[in-house]
Every structure is written in C-alpha cells, then in structure tokens.
Amino acid sequence: MDTLLDINNLSVSFNNGQSNVTAVKSISFQIYKGEIVCLVGESGSGKSVAANSVMRLLDESKTMVIAERMSFMSKSGECLDILQLPKDKLPGLRGQEIGMIFQEPMTSLNPVIKCGDQVAEGLLIHGLESTHSVKDKVLELFKEVGLDDSKRIFDSYPHQLSGGQKQRIMIAMAMACNPSLLIADEPTTALDVTVQKKILEALKELCRNKGMAMLFISHDLNIVKQLADKILVMFKGEIVEQGSTLEVFNHPKHPYTKGLLSCRPPLKTKLRILPTLSDFIGNTEAKKLISNRLPDNNIITRQEHESAFKSLSSVEPILKIKHVTTSFTQAGMFFWNKKKVFKAIQDISFVLYPGEVLGLVGESGSGKSTLGRTICRLLDSESGSVTYRNIELANMPENEFRVFRKNIQIIFQDPYASLNPSMKAGDAILEPMIVHKLCANKQERIEKVYSLLESVGLPAESFHKYPHEFSGGQRQRISIARALSLNPEILICDESVSALDVNVQAQVLNLLNELRSKFNLSMIFITHDLSVVRFICDRVMVMKNGRLEEIGTVEQVMDNPASDYTRLLLESVPE
C-alpha cells in the first residue's frame with residue numbers, strides 16, 4: 001500500500017511562560033491511502049495536539065514541534081515536508097490535501113453566515129468552483145453526507161439546525177475539496193446514539209467511495225470498533241499500543257488499553273461497580289486499594305435487581321407527575337407575525353419512588369431536559385401537576401418555592417458553564433447554604449463543605465481553587481457537591497456524564513451510586529446513553545417528540561422493548 005502520511009518521532013511542547021510542557025512525546029505512525037486509522041485516548045493524552053500539528057494549526061510562537069519526518073504525499077505525487085512547508089503553501093495543504101472536522105460544530109461554524117455559504121467559501125477560495133456553479137456543488141455535497149432537505153439547510157443559520165445536522169455540515173465542508181486525508185476530531189462526542197451511528201456510517205461510506213484515508217480521534221474504543229482498520233492508543237503523550245482492530249480488541253497488550261475497554265458500562269449486563277483505569281495502571285498500593293473495592297461477584301442478576309426494585313416501589317412515591325404539558329412560543333421574524341406554540345412535552349405522567357434512579361432517554365429534542373427543568377420549576381408547565389410528598393409544586397407561590405427549591409436539585413451537563421469562573425470551588429458550594437440559611441454559623445458551613453469535598457473524592461485544598469484549575473471530571477464532582485450541600489431528596493442529572501471520558505465517566509457514575517446509598521437520594525437521570533442507563537438506573541422512561549414512548553424496569557425495556565423506537569435506540573449503541 002502507498003504511504004499517505006508518514007510521521008516519525010514527533011514531539012510537541014508548549015511554553016506556558018514559566019516552563020515547557022511536552023504534550024506529545026516521540027510518536028511514530030503511518031497512514032496508507034484509503035486506510036481508516038483511529039487515535040484513541042483520554043482528554044489530555046495528546047490526540048488533538050498531534051492532529052493539529054499535522055495541519056500546522058498550532059501557534060508557532062508558543063509551540064515547539066520537532067519530528068525526524070512528517071511527510072505527506074500530495075495528489076500530484078509530490079512528497080511534502082509538512083514542517084518545512086512555507087506559510088503561503090499552507091492553504092493548499094489545508095482543505096485540498098487534508099480536511100478536518102472539529103469536535104464542536106456550533107463553535108466551528110460562523111453563527112452569522114448561512115450554512116451553504118460557509119461550505120461554498122472553501123470551494124471558491126481554492127478556485128474549484130465558479131460563483132454560478134458553487135451552489136449546485138454544495139447541494140450535492142449535502143446530499144452525499146445525508147442532509148436530505150438540502151435547499152432549506154443551504155439557507156439556514158447554524159442555530160436553526162440540530163447537532164447532527166451541524167456535524168454533517170462540518171463533514172461536507174471538510175469533504176468539499178476532495179482531500180486525500182480527512183482528520184475527524186471527536187466528531188460524535190455528546191451526539192445521540194442514533195445520530196452518532198448515522199455520522200459514523202456516513203464517514204465510512206464516504207471514505208470507501210472516494211478512496212480517502214481518515215484519522216479518526218476518539219476517547220471511546222467501542223465507537224471506533226465499527227470504523228477502524230488500525231487503532232493507535234495514546235496515553236500521556238505517547239502511543240502505548242497500535243495494531244489492527246481485531247488485535248487491539250481481542251488481545252490488548254498495554255494495561256491502559258485494557259482499562260479503556262473495561263471502563264465503559266456494558267449494554268447487556270448490570271454491574272455493581274464500574275472498573276476504572278486505576279484498576280489497571282498506577283502504583284501497586286493504589287491497585288491494591290481499588291481491587292479491594294471491587295466485589296468478587298460484580299454482576300447484578302435480573303432477579304436480584306427486580307427484587308430490589310420491588311422493595312423500592314412498595315412505598316408511597318416521593319414525586320408524582322400527572323399529565324404535564326410544557327409549551328414554548330416561537331415568534332415570527334417581525335412583530336406582526338403570529339406566534340407559534342411548540343409543545344415540548346405533552347401529557348407526561350409517571351412517579352418516582354424514594355431511593356429510585358429513573359432513567360430518562362431519547363434523542364435530542366425529545367423533551368428530556370424540558371421535563372427535568374419543568375419538575376424543578378426552571379420552566380413553567382402549561383398544564384398538569386407536579387406533586388412532591390403530597391405538596392403541589394406547580395401552583396406554589398414563587399416566594400414559597402424558593403425556600404422549597406433545596407429539596408430538588410439539578411446537575412447540568414457542562415460543569416464549566418454552570419460554575420462561576422471567578423468563584424472558588426469552596427465558595428460555590430457555600431453559596432446555596434448561605435442563601436437557604438443552613439447550619440448555625442459560617443464555621444459549620446465551611447466544615448460541611450470540607451465534608452462534601454471528601455464525599456465526592458476531592459482533597460480539602462480544592463476549596464481554594466478556581467474552576468479552570470480542575471479537570472472536567474473534578475468540576476463535575478464540584479457540581480455534585482454543590483447540589484448535595486442543600487441536603488436534597490431528589491437529584492436531576494441532566495446529561496451529567498455524556499461529555500466525559502470513559503474513565504472519568506466511570507468514576508462519576510460510581511460516585512453517584514455511592515452517594516445515592518449514603519444520602520438515600522432519588523434521581524432522575526437524563527441521558528442518551530443506554531449503557532449508562534443499564535448501570536445506574538432501576539427503571540427507564542423512553543421519550544420521543546415530547547411524548548412518553550414506554551416505561552418499565554431496565555430489564556423489561558432493554559431486554560424486551562415494546563416500542564420500535566426503543567429498539568432503534570438499542571441497535572444504535574456501539575458494542
């Protein structure tokens with residue numbers, strides 16, 4: 001096979017003003033024409049840095065990129081030395097030779113330019129289409145990536161499209177100039193499983209049809225299993241293992257690879273505790289401590305789980321939702337246009353038992369988050385009732401509900417966005433206790449904050465650090481500690497683990513299970529990941545287009561789904 005990209009001993013270091021930090025350490029790999037190579041590892045392992053160095057996207061004034069060889073075979077047959085390529089030649093490398101799909105399409109797309117014009121721009125800049133023919137070419141690209149309503153999407157702005165549609169726009173943009181190599185940086189993170197499956201299938205089909213190679217970056221080995229010809233595993237800036245997909249999955253050699261394969265919750269069995277990377281790597285003492293934590297029999301049988309739920313459901317529900325409908329009004333562009341009413345959730349009814357974790361699943365736009373926000377009155381319902389311990393919440397005066405709000409807390413998906421960047425972690429946890437006048441004095445509150453930090457597995461010195469000084473998993477732990485500071489009885493977890501690495505996700509899920517037992521919490525766990533539902537939930541409720549599709553124990557719904565839609569969700573989960 002002909003070598004397309006040849007990298008030998010690539011190292012990348014950053015100058016942070018005080019010292020050099022090496023993000024990539026002497027990595028070597030090759031990509032052949034038509035080959036799909038997947039680069040796998042946790043956040044911070046150096047995956048995106050390596051990819052950005054290939055595209056020369058790193059700030060050269062603050063970055064040192066060294067390689068014995070970084071060569072690329074151009075369409076004309078010329079061997080390009082990427083690191084020595086003059087800056088005026090870089091636009092030809094980017095787009096025409098190598099295309100790139102970035103992780104977050106909403107921040108990668110210009111919010112004030114129509115989607116069709118953004119894709120057309122690259123074609124016009126590279127002189128591949130005339131102004132008369134460019135629209136037809138873009139519409140053709142949209143159809144190739146599975147955007148059926150191509151004319152409407154051409155004239156749409158990014159905010160008018162779903163996450164999956166925006167990601168397909170990014171794919172069309174990267175594919176516009178028919179590059180020989182496509183770099184896809186976490187293109188499916190936080191997408192619904194059905195959308196994720198379609199994106200992966202579209203990418204694979206495009207590569208095969210056009211004879212294009214792809215470097216696909218991900219933190220989830222289960223996702224790349226259905227895509228890769230070859231897998232590279234990165235850990236702390238180094239490639240610790242590489243081989244064919246069959247070799248890596250069937251005979252993983254490095255402990256880190258074994259850990260990544262084990263951290264993700266299985267779809268078909270329910271575990272008591274999820275393994276984490278600490279079970280596979282780290283010092284001997286740490287391994288010993290973690291191993292003692294894992295039970296000998298880590299699988300919960302169906303009979304055992306259904307018996308436990310029968311005990312939970314034998315008491316009066318803590319929360320009753322009856323015929324709840326929540327609507328939004330959509331105004332026209334001008335004041336004389338009539339407002340349209342959009343029913344986000346329609347006639348939803350269910351109950352939540354004390355100590356139960358109820359999973360709430362469905363695609364984006366199904367109404368999951370709207371229902372969660374309606375329950376804790378961040379949104380007002382149009383009709384129906386929300387009853388907590390025989391107290392009707394929907395009609396409670398706002399001043400009374402502010403006092404009551406401490407009983408139902410919500411943990412949001414993005415901990416960085418929900419934490420004040422100018423407030424120390426300890427102060428963020430203290431604030432709700434001060435507002436609700438909990439504890440006798442300031443010292444008692446501070447002591448409780450230290451206790452909460454310990455409960456969520458963070459050291460005491462975390463009190464005095466700001467959000468940017470923590471990892472994503474640590475920030476989520478701070479959000480959990482803040483929610484627990486008010487001694488709630490119900491936690492609503494809104495996609496609170498969806499964007500986390502599989503290892504950090506496993507840690508947070510284990511933590512939530514421990515806290516559930518310790519504080520006798522009831523939870524509504526909103527997610528699009530059915531593997532997570534199997535691990536943490538007692539029952540699962542499936543929503544589609546604002547309506548309840550089906551509800552039952554995890555085993556009933558996932559092993560014997562009654563709805564075609566639920567079957568579609570299950571079939572879309574990568575195994």
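# A guided look at the fold

Visitor: What radius of gyration does the protein have, against that of a compact globule with 575 residues?
Guide: The radius is taken over C-alpha atoms, and the globule rule is 2.2 Å times the number of residues to the power 0.38. With 575 residues, a compact globule would come near 25 Å. The protein agrees with that, at 25 Å.

Visitor: What kind of model is this, and which pLDDT do local features need?
Guide: This is a predicted model; side-chain atom pairs count only at pLDDT 80 or more, totals for chains, interfaces and linings use all residues, and local features need pLDDT of at least 70. Residues are numbered from 1 along each chain as its sequence is written, and side-chain values use heavy atoms, leaving out hydrogens and water.

Visitor: How many helices and strands are there in the protein?
Guide: Both are DSSP runs, numbered from the N terminus: helices are H or I with at least four residues, strands are E with at least two. The count is 23 helices and 23 strands.

Visitor: What does the C-alpha trace span along its principal axes?
Guide: Three spans describe the C-alpha trace of the protein, one for each principal axis. They are about 75 × 70 × 50 Å.

Visitor: What share of the residues counts as buried?
Guide: Buried means under 20% relative accessible area, exposed means over 50%, and partly exposed lies in between (1.4 Å probe, protein chains only). Of the 575 residues, the buried share is 53%.

Visitor: What share of the accessible surface belongs to carbon and sulfur atoms?
Guide: Areas come from the Shrake-Rupley method with a 1.4 Å probe; for residues, only the protein chains shown count as cover. The accessible surface comes to about 26,100 Å². Carbon and sulfur atoms hold 49%.

Visitor: Among contacts between residues at least 6 apart in sequence, what share joins residues at least 24 apart?
Guide: A contact means heavy atoms within 4.5 Å. For the protein, the share is 69%.

Visitor: How many salt bridges does the structure hold?
Guide: A salt bridge is a side-chain nitrogen of Lys or Arg within 4 Å of a carboxyl oxygen of Asp or Glu. The structure holds 20.

Visitor: Which residue forms a salt bridge with Arg302 across distant parts of the chain?
Guide: Arg302 lies in helix 13 (residues 302-312), and its partner lies in helix 22 (residues 554-559), 257 residues apart. The closest N and O atoms are 3.5 Å apart. Arg302 is partly exposed at 31% relative accessibility, and the partner is partly exposed at 36%. That partner is Asp559.

Visitor: Which residues are linked with Arg302 and Asp559 in a network of salt bridges?
Guide: The network goes beyond that pair. Its other members are Glu306 and Arg534.

Visitor: Which residue forms a salt bridge with Arg389?
Guide: The closest N and O atoms of this pair are 2.9 Å apart. Arg389 sits in the loop between strand 17 (383-388) and strand 18 (391-392); its partner sits in the loop between helix 19 (472-484) and strand 20 (490-494), 100 residues apart. Arg389 is partly exposed at 41%, and the partner is partly exposed at 26%. The partner is Glu489.

Visitor: Is Arg377 buried or exposed?
Guide: Arg377 lies in the loop between helix 14 (368-375) and strand 17. Leaving out residues up to four places away in sequence, Arg377 touches several others, including Leu393, Met396 and Phe401. Its relative accessibility is 13%, so Arg377 counts as buried.

Visitor: What relative accessibility does Ser462 have?
Guide: Ser462 is in the loop between helix 18 (442-455) and helix 19. Ser462 touches Ala425, Gly426, Leu453 and Phe470, not counting residues up to four places away in sequence. Ser462 counts as buried because its relative accessibility is 2%.

Visitor: What phi does Ser26 have?
Guide: Most residues other than glycine have a negative phi. Ser26 lies in strand 2 (residues 20-32) and is partly exposed, with a relative accessible area of 46%. Its phi is positive, near 50°.

Visitor: Where does Asn520 lie?
Guide: Asn520 is not a glycine, yet has a positive phi of about 50°. At 53% relative accessibility, Asn520 counts as exposed. Its place is the loop between helix 20 (502-519) and strand 21 (522-526).
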